[in-house]
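Hi there,

Here is the structure I promised to hand over. Have a look at it first, and then read my notes below.

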Amino acid sequence: MSSNKDTFDMSDLGSSLPAAAAALSAEDRAGLVNALKNKLQSLAGQHTDILETLPPSVRKRVEVLREIQGQHDELEEKYFEEKAALEAKYQKLYEPLYTKRYDIVNGVTEVEGVKNEDAPDQEGDKATEEKGVPDFWLTAMKTNEVLSEEITERDEGALKYLKDIKWCRIDKPKGFKLEFFFDPNPYFKNSVLSKIYHMIDEDNEPILEKAIGTEIEWYPGKSLTQKLLKKKPRKGSKNAKPMTKTEDCPSFFNFFSPPQVPDDDDDIDDDTAEELQSQMEQDYDIGSTIRDKIIPHAVSWFTGEAVQGDEFEDLEDDDDDDVDENDDDDDEEEEEDGEDDDDDDDDDEEEEDKGRKKPSAGSKV
């Protein structure tokens, strides 16, 4: 047999058969050789099958094309490396701007002209103007369609204490981390809630491996991810106290308890695996939306200007879909017109035979 991994000399199979095969008839032996050929070809991979069917001259051209593809892949790998370095460079350049934004939003510094404009009109009046920009991050997040579906009315009270969101790239393991900074609040003890996404590269495409969130230290009775249910005791029951139990409920803060992939994939069936994949995709969609849209363009989301940009993107996608749908509708209408003509012909024939008979309710006249 040939040792080349991409080519295989099928003629070697006959001489490589075990001695026991020599006792077989020529026909059976040929069948055994063909069976082994088919098996080995399937194991060698589809690209080998295709190359085996090509004429020598075409095969040679394809081999050269594969070399060109290899050169392209090397350049593409360098592109991704330089892209990551460029992103890291500009991430550092953004930081001073994010710091200025933080200071204004949280009232650490004041912008020029505000003090004079907001001075008390009458002597002795106390300015009631709140510092900074109240509910800045809550408003920005609620304006985004993806995040607004995750934020409940109960969540809003806690998210009013959110004073900043940051993200950074991590290398070991590869991925990124989101950090949510909170002022002291009556809901939980944590000052920072984080979410880490571990990614793996598959053909230079990032694939989510798993996500890890901070365990929230809720104050007693303040958990927003669970609700307390009370059940009145039955009449005549010796226990007069109502029964209580907790139940999971929708909340943005479930974001910090992401779906987990079992260590052994054999433990889950296909339906469970499909549901888990859907949950992980939704979780990553939320995280990437915060990283790519909310953090860099928070002011535009706060004012609502960013919504228009998103709507235009959606409209472009919808237009593409509409074109496809219209083409399908035209084809369907043509088919229906053809059916209508047939129906009309049938109706005319029927009317000739029975002048008093009317078209059926389903016919188009």
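A quick definition to start with: helices (H or I, at least four residues) and strands (E, at least two) are DSSP runs, numbered from the N terminus. Two strands pair if DSSP finds at least two bridges between them. With that in hand, β1 and β2 form a hairpin with four residues between them.

Before going further, please note that this is a predicted model, where local features need pLDDT of at least 70, side-chain atom pairs count only at pLDDT 80 or more, and totals for chains, interfaces and linings use all residues. Residues are numbered from 1 along each chain as its sequence is written, and side-chain values use heavy atoms, with hydrogens and water left out.

**The sheet**

The hairpin belongs to an open sheet of four strands, in the order β1-β2-β3-β4, with antiparallel pairing. At its edges stand β1 (162-170) and β4 (205-213); each has a single partner strand, so one side of each is left without a neighbour in the sheet. On average, neighbouring strands are turned by 20° against each other, direction ignored (axes are lines fitted to C-alpha atoms, for helices over the stretch in contact, and angles run from 0 to 180 degrees between N-to-C directions).

Walking across the sheet, eight bridges join β1 to β2, and isoleucine 165 has phenylalanine 180 in β2 as its bridge partner. Seven bridges join β2 to β3, where phenylalanine 180 is partnered by leucine 193. Strand β3 (residues 192-202) then pairs with β4 over eight bridges, and aspartate 201 stands opposite proline 206 in β4. Helix α9 (residues 270-294) packs on the sheet and touches β1, β2 (175-182), β3 and β4; contact means heavy atoms within 4.5 Å. The direction of α9 makes about 65° with that of β2.

**A buried charge**

Is aspartate 155 buried or exposed? Aspartate 155, in helix α8 (residues 153-159), is buried (under 20% relative accessible area, with exposed over 50% and partly exposed in between; 1.4 Å probe, protein chains only). Aspartate 155 has no salt bridge, meaning a side-chain nitrogen of Lys or Arg within 4 Å of a carboxyl oxygen of Asp or Glu. The nearest side chain of opposite charge, arginine 154, is 6.1 Å away. Among the contacts of aspartate 155 beyond four places in sequence are Leu224 and Phe252.

**Confidence**

The protein chain averages a pLDDT (the predictor's confidence in each residue, from 0 to 100) of 78. Over residues 349-365 pLDDT stays under 50.

Best wishes

Notes
Lys, Arg positive; Asp, Glu negative; His and termini not counted.
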